[in-house]
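Trainee: I should like to learn how to read a protein model with care. May we go through one together?

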Amino acid sequence: MSKRPVAIVTDSTANIPAELIERHQIHVIPQILNWSGESYRDGVDITPAEFYERLATAPETPSTSQPSVGEFVDFFGEVAESAEAIVAILVSDALSGTIGSARNAMEMLEGTPIHIVDSRTVSMGLGLIVLAAAEAAAGGASAEAIAALARDLVPGVHVVFVVDTLEFLHRGGRIGGAQRLVGTVLAMKPVLQIEAGKVEPLKSVRTKTKALAFALDHIREQMAGRSNVHVAVLHANAEASAREVLSELERNLSPVATHLSLVSPVIGTHAGPGTIGIACYAGG
């Protein structure tokens with residue numbers, strides 16, 4: 001059996017819908033959810049639906065961890081059985097130790113070239129880059145060209161999101177510059193962004209409706225006058241609101257591609273239920 005020239009790899013924080021993972025033959029290594037003394041592979045041992053149902057009544061908040069070096073060694077080895085080269089596009093190194101594990105594993109492996117790309121983002125911000133890489137791979141691009149394409153896309157990917165509370169980001173230590181909002185008026189709804197790979201505050205307003213309106217305006221400004229816009233709306237168990245946001249973006253931006261994504265248990269652990277986000281880039 002002949003090998004594919006290039007396999008595209010990511011981790012489960014990309015939140016790429018399952019049908020797209022299958023269609024583009026993307027390999028996904030799961031992050032780890034630790035809960036009440038048990039460990040679950042993100043999206044494998046626990047689904048988003050199961051996670052959000054349990055989170056609603058759980059007395060204990062879960063924690064998360066990245067795949068170990070050994071898990072990456074096994075994962076890369078399995079992928080290499082069907083590919084001549086690997087391009088791994090992973091969650092921001094500023095948010096997770098995932099890239100560190102992947103790089104250590106790469107140094108332990110010989111034979112198959114592995115290119116590791118720091119997406120400097122998360123969720124469907126990462127997912128959009130991975131999908132662009134997968135399309136390039138399907139078009140016959142080399143591993144070096146795909147890795148370069150992914151790195152070129154990184155600065156142009158915008159991710160903004162609205163959370164119901166900063167509590168979950170604060171508990172998980174992923175709060176970045178938004179730390180200064182902790183302890184502000186509880187009724188305020190923060191609009192956050194991923195900037196330089198970290199969670200940073202964009203604005204804080206009094207209602208979620210106004211927060212979502214601000215997020216939409218921000219994205220419209222970022223994409224104004226741009227062509228070939230790619231958009232994803234992500235949500236943590238808030239599908240109805242997410243669909244409204246996506247419809248608004250479709251009317252305003254005329255994107256060439258749109259996606260609706262339910263965030264995984266690991267992302268949901270940090271963002272909290274009710275979170276709605278937008279990821280986009282132009283060009284490509």
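The questions below concern confidence, ring pairs, salt bridges, strands and backbone angles.

Trainee: What is the mean pLDDT of the protein chain?
Mentor: This is a predicted model, and pLDDT is the predictor's confidence in each residue, from 0 to 100. In this chain, 92% of the residues reach 70 or more. The mean pLDDT of the protein chain is 91.

Trainee: Over which residues does pLDDT stay under 50?
Mentor: For this stretch the model has 29 contacts beyond four places in sequence. Nevertheless, pLDDT stays under 50 there, over residues 172–185.

Trainee: How are the planes of W35 and F51 arranged: stacked, edge-to-face or tilted?
Mentor: A search of the whole structure finds four aromatic pairs. In the pair of W35 and F51, the centres are 5.6 Å apart and the planes meet at 55 degrees. Planes under 30 degrees apart count as stacked and those over 60 as edge-to-face, so the value of 55 degrees makes this pair tilted.

Trainee: How many residues apart are W35 and F51?
Mentor: W35 belongs to strand β3 (residues 32–35), while F51 belongs to helix α2 (residues 48–55). Both W35 and F51 are buried. Their pair links distant parts of the chain, 16 residues apart.

Trainee: Which residue has its charged end over the ring of W35?
Mentor: Ring pairs also link W35 with F51 and Y52 into a cluster. Over the ring of W35, at 4.0 Å from its centre, sits the charged end of R54.

Trainee: Is F76 buried or exposed?
Mentor: A residue counts as buried when its relative accessible area is under 20%. The relative accessible area of F76 is 1%. F76 is therefore buried.

Trainee: Which residue forms a salt bridge with K208?
Mentor: Side chains of opposite charge can pair when their charged atoms come close. A search of the whole structure finds seven salt bridges. In one of them, the closest N and O atoms are 3.0 Å apart, and the partner of K208 is D164.

Trainee: Why does the pair of D164 and K208 tie together parts that are apart in sequence?
Mentor: D164 lies in the loop between β8 (158–162) and α7 (167–172), whereas K208 lies in helix α8 (residues 208–223). D164 is partly exposed, with a relative accessible area of 29%, and K208 is also partly exposed, at 21%. Because the two residues lie in these two places, their pair joins parts whose separation in sequence is 44 residues.

Trainee: Which residues are joined into one network by salt bridges that share partners?
Mentor: The side chains of E248 and R220 meet in a salt bridge of 3.6 Å, N to O. E248 lies in helix α9 (residues 239–253) and R220 in helix α8, so this pair ties together parts that are 28 residues apart in sequence. Salt bridges that share partners join into one network the residues D217, R220, E248 and R251.

Trainee: How many residues of strand β9 are buried?
Mentor: Strand β9 covers residues 189–195. The strand is mostly covered, and of its seven residues the number buried is six.

Trainee: Over how many bridges do β9 and β10 pair?
Mentor: β8 and β9 run antiparallel and are joined by three bridges, and F161 has L192 in β9 as its bridge partner. β9 also pairs in the antiparallel sense with strand β10 (residues 198–205). There, the bridge partner of I194 is V199. The number of bridges between β9 and β10 is seven.

Trainee: Which residue takes a positive phi in the hairpin of β9 and β10?
Mentor: Most residues other than glycine have a negative phi, and most peptide bonds are trans. This hairpin has two residues between its strands. The residue with a positive phi, near 55 degrees, is A196.

Trainee: Where does S36 lie, and what is its phi?
Mentor: S36 is placed in the loop between β3 and β4 (38–41). With a relative accessible area of 43%, S36 is partly exposed. Its phi is positive, in a residue other than glycine, and is near 50 degrees.

Trainee: What is the relative accessible area of Q25?
Mentor: Q25 is found in the loop between α1 (18–23) and β2 (27–29). Phi of Q25 is positive, near 55 degrees. Q25 counts as partly exposed, and its relative accessible area is 49%.

Definitions and conventions: Residues are numbered from 1 along each chain as its sequence is written. This is a predicted model: local features need pLDDT of at least 70, side-chain atom pairs count only at pLDDT 80 or more; totals for chains, interfaces and linings use all residues. Side-chain values use heavy atoms; hydrogens and water are left out. Rings of Phe, Tyr and Trp (its six-membered ring) pair if their centres lie within 6.5 Å; planes under 30 degrees apart count as stacked, over 60 as edge-to-face and the rest as tilted. Helices (H or I, at least four residues) and strands (E, at least two) are DSSP runs, numbered from the N terminus. Buried means under 20% relative accessible area, exposed over 50%, partly exposed in between (1.4 Å probe, protein chains only). A charge sits over a ring if NZ of Lys or CZ of Arg is within 6 Å of the ring centre and within 35 degrees of the ring normal. Contact means heavy atoms within 4.5 Å. A salt bridge is a side-chain nitrogen of Lys or Arg within 4 Å of a carboxyl oxygen of Asp or Glu. Two strands pair if DSSP finds at least two bridges between them.
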